[in-house]
Amino acid sequence: MTDLVFRVRELSIGGALVLLVLGTWLVNPGFLDDQGVQDLLLNSSILVLLATGQSVVVLTRNIDLSVGSVVGLTAFACGSFVSGTQHSALTVVLLGTALGVLCGLVSGLLVSFGRVPALVVTLGMLYVIQGVDHVWAHGQQINAVNVPDGVLELGSGSVLGVPYLPLISALVLAATAYYLRTYRSGRELYAIGSNPEAARLAGIPIRRRVLAAYAFSGAVAGFAGALWLARFGTVVADAANGWELTVVSAVVVGGVAITGGVGTVWGAALGALLLTTIGSALVVLKVNPFWEQAITGALLLAAISTDRVVRSRTTEALRKRSRK
C-alpha cells in the first residue's frame with residue numbers, strides 16, 4: 001500500500017511536469033525545439049545532482065543547508081587551480097569531489113558524533129564557507145578564457161546530440177537509486193529516518209550511516225561545483241548562492257518527507273526538473289520572475305501538507321490492520 005502511494009505521488013509530479021511543458025509549448029512552440037530542450041536539460045542537471053545528494057541526507061531525518069555554498073567554493077577552487085594550465089577535466093572533477101567530501105565530513109561529524117542539530121551545523125557551515133570564499137576571492141572571478149578547453153568541453157559537449165551534463169546527472173541518479181533500493185546500508189538510511197530509536201535497537205550503526213550520508217551529499221555538491229565551472233567557465237566565489245532552499249524545495253516537492261524515512265531520489269529529480277521547468281516557462285511566457293518564487297513556495301507547502309496527510313492515513317491504516 002505504501003509503495004503504491006509513493007508511486008502515485010511521483011506519477012503526479014511527472015503529470016504536472018508534462019502538463020506544464022505541453023501548456024508552454026502550445027503558447028510558444030519554440031519552447032520544445034532542439035535548443036530549448038537542450039537548455040532545459042542543461043539548466044536542470046546541476047539541480048538534479050544536488051537534489052540527489054540532499055535526498056540521502058533528508059532520508060535520515062536531517063538536512064544539509066550548505067550545498068549551495070559548497071558548490072560555490074569548489075567551483076572557484078577548481079577554477080583557481082586550473083586557470084592558465086592544461087589540466088584535464090578528470091583532475092577538476094576529482095579535486096571538486098574531494099573538497100566536497102571534506103566539507104560533508106565536517107558537517108557529518110558534528111551532526112552524528114557531536115549530536116549538534118543538523119540545521120544549526122549546516123547553516124553554520126554555509127556562513128563559514130561563504131566567509132572563506134569572500135576572503136579568498138577578494139571580488140575576483142575566474143574567466144572562461146583561462147579555463148582549459150578540456151574542462152569547458154565537459155560542460156558544452158554532447159554525445160548523439162545529448163549534452164554530457166544530463167547524462168552524468170542521470171548516471172549518478174540511477175546509481176544512487178539502485179544503491180538505496182538494493183543494498184542493506186541503503187535500506188538502513190530509511191530505517192533511521194523512519195524511527196531512529198527502533199533503528200538503534202535493531203543494531204543499525206546510526207552515526208556511521210548519517211556521517212556517510214553527509215559525506216555523499218558533500219561529494220555530490222563538490223562534483224556539481226566542478227561541473228558548474230565546466231558549464232559556465234566564468235565563476236565568482238558566490239556561485240550557486242541561495243540554491244540551498246531551492247534544493248530542499250526540489251527534494252520535498254519530489255515526495256521525500258522532510259521528517260525522513262520516505263521518498264526516492266527519482267521523485268527528488270522530478271521535483272528539481274519541475275522547478276527548473278517552471279522558471280524556464282515563466283521566462284518564455286514573459287511572466288514576472290517573482291512568480292517563480294511564489295509558485296515554488298506554494299508547491300513546497302502543498303508537498304508538506306500532502307506528506308502529513310498521507311503519513312497520518314498510512315499510520316492509521318497500519319494500526320487498524322494491527323488490531324485485526
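The legends below accompany an overview and several close-up views of a predicted model.

**Figure 1. Overall fold of the protein chain in the predicted model.** The protein chain contains 13 helices and four strands. Its radius of gyration is 20 Å, close to the 20 Å that the globule rule gives for 324 residues, so the chain is as compact as a globular protein of that length. Measured out along the principal axes, the C-alpha trace spans about 70 × 50 × 35 Å, and buried residues make up 47% of the 324 residues. Of the contacts with a separation of 6 or more, 78% are accounted for by residues 24 or more positions apart.

**Figure 2. Surface and charge of the protein chain.** The protein chain exposes about 15,800 Å², and carbon and sulfur atoms supply 65% of this area. The chain carries 21 positive and 16 negative charges, and the mean positions of these two sets are 20 Å apart.

**Figure 3. Surroundings of H87 in the loop between α3 and α4.** H87 is found in the loop that lies between α3 (67-82) and α4 (89-112), and with a relative accessible area of 30% this residue is partly exposed. When its neighbours within four places in sequence are left aside, H87 is in contact with F81, V82, P148 and V151. L165, which is 78 residues from H87 in sequence, lies 19 Å from H87 in space, C-alpha to C-alpha.

**Figure 4. The aromatic pair of F76 and W136.** The structure holds five aromatic pairs. In the pair formed by F76 and W136, the arrangement is edge-to-face, with 5.5 Å from centre to centre and 85° between the planes. This pair links distant parts of the chain, since F76 belongs to helix α3 and W136 to helix α5 (residues 118-137), 60 residues apart. F76 counts as buried at 2% relative accessibility, whereas W136, with a relative accessible area of 40%, is partly exposed.

**Figure 5. The tilted pair of W228 and F232 in helix α10.** The ring centres of W228 and F232 are 4.9 Å apart and their planes stand at 50°, so the pair is tilted. Both residues lie in helix α10 (residues 206-232), where they are four residues apart, about one turn of the helix. W228 counts as buried at 12% relative accessibility, while F232 counts as partly exposed at 42%.

**Figure 6. A cluster of tyrosine rings.** Ring pairs link Y178, Y179 and Y183 into a cluster.

Key
Residues are numbered from 1 along each chain as its sequence is written. This is a predicted model: local features need pLDDT of at least 70, side-chain atom pairs count only at pLDDT 80 or more; totals for chains, interfaces and linings use all residues. Side-chain values use heavy atoms; hydrogens and water are left out. Helices (H or I, at least four residues) and strands (E, at least two) are DSSP runs, numbered from the N terminus. Buried means under 20% relative accessible area, exposed over 50%, partly exposed in between (1.4 Å probe, protein chains only). Contact means heavy atoms within 4.5 Å. The radius of gyration is taken over C-alpha atoms; the globule rule is 2.2 Å times the number of residues to the power 0.38. Accessible areas come from the Shrake-Rupley method with a 1.4 Å probe; for residues, only the protein chains shown count as cover. Lys and Arg count as positive and Asp and Glu as negative; His and the chain ends are not counted. The place of a charge is taken as NZ of Lys, CZ of Arg, CG of Asp or CD of Glu. Rings of Phe, Tyr and Trp (its six-membered ring) pair if their centres lie within 6.5 Å; planes under 30 degrees apart count as stacked, over 60 as edge-to-face and the rest as tilted.
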